[in-house]
Amino acid sequence: MLNALYDSDWVVYTKPSFGGPAQLLDYLGRYTHRVAIANHRLVSLTDEAVRFRYKDYAHGNRSKVLTLEPAEFIRRFLLHVLPTGFMRIRHYGLIANRAQYHKLAQARAALEHPPVPVPAQPESVEAFWLRVAQLDIHRCPHCKAGRMIVIGPIHAPRARSPPRLMP
């Protein structure tokens, strides 16, 4: 059977997208990183109607409220639920975690953009307290002359229940 299918000449017909590829990518791009409708867009929910805000891109990105029957709202919402085994796009291309640092550096070099400065090493706790409060945390708080040395942690006793009183 597979051989018969491979022997056939297949013609793939795809209709052009409703407004061109740019509009299709813009539409799909709104759903790759988030859910179809966020809770803050819901206006009201009753047994008869679901009202939610949406942005009307055809009329200057105006915010409008749409009222649907609950069954129709759920039907439309479920159109955006991904099938089993599919995952939403998190990061792709230059900002993918796997090679982000290397690829972004290559892109900056190709665009003749200056490299990102290397972040400074974080300030140590000792240097922070000395700078902010003029407090040397290694100086003995009692005599103010000696230097405290950490020998080891002090373990607090384990919490235990109070002793039982014998009758």
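A salt bridge is a side-chain nitrogen of Lys or Arg within 4 Å of a carboxyl oxygen of Asp or Glu. In this predicted model, Glu72, Arg75 and Arg76 are joined by such bridges into a network.

**Overall organisation**

The protein chain contains five helices and three strands. Their order along the sequence is α-α-β-β-β-α-α-α. Of the 167 residues in the protein chain, 7% are buried. The protein chain exposes about 16,100 Å², and carbon and sulfur atoms account for 62% of that area. When contacts in the protein chain between residues at least 6 apart in sequence are considered, 16% of them join residues at least 24 apart.

**Salt bridges**

The count of salt bridges comes to six. Three of them are listed below, each with the distance between nitrogen and oxygen.

| Basic residue | Acidic residue | N to O distance |
|---|---|---|
| Lysine 64 | Aspartate 56 | 2.7 Å |
| Arginine 131 | Glutamate 123 | 2.8 Å |
| Arginine 139 | Aspartate 136 | 3.8 Å |

The surroundings of these residues can be described through their relative accessibility. Aspartate 56 has a relative accessibility of 11% and therefore counts as buried, since the cut-off for buried is under 20%. Its partner in the bridge, lysine 64, has a relative accessible area of 24% and is partly exposed. Glutamate 123, which bridges to arginine 131, is partly exposed at 41%. In the bridge between arginine 139 and aspartate 136, arginine 139 is partly exposed at 35% relative accessibility, and aspartate 136 is likewise partly exposed, with a relative accessible area of 27%.

**Aromatic pairs**

The model holds three aromatic pairs. One of them is formed by phenylalanine 73 and phenylalanine 77, whose rings are stacked, with 6.5 Å from centre to centre and 20° between the planes. The pair counts as stacked because planes under 30 degrees apart fall in that class. Both residues belong to helix H3, which spans residues 70-78, and they are four residues apart, about one turn of the helix.

How buried or exposed are the two rings' residues? Phenylalanine 73 counts as buried, because its relative accessibility is 16%. Phenylalanine 77, by contrast, is partly exposed, with a relative accessible area of 32%. Ring pairs also bring in Phe52, so that Phe52, Phe73 and Phe77 are linked into a cluster.

Notes
Residues are numbered from 1 along each chain as its sequence is written. This is a predicted model: local features need pLDDT of at least 70, side-chain atom pairs count only at pLDDT 80 or more; totals for chains, interfaces and linings use all residues. Side-chain values use heavy atoms; hydrogens and water are left out. Helices (H or I, at least four residues) and strands (E, at least two) are DSSP runs, numbered from the N terminus. Buried means under 20% relative accessible area, exposed over 50%, partly exposed in between (1.4 Å probe, protein chains only). Contact means heavy atoms within 4.5 Å. Accessible areas come from the Shrake-Rupley method with a 1.4 Å probe; for residues, only the protein chains shown count as cover. Rings of Phe, Tyr and Trp (its six-membered ring) pair if their centres lie within 6.5 Å; planes under 30 degrees apart count as stacked, over 60 as edge-to-face and the rest as tilted.
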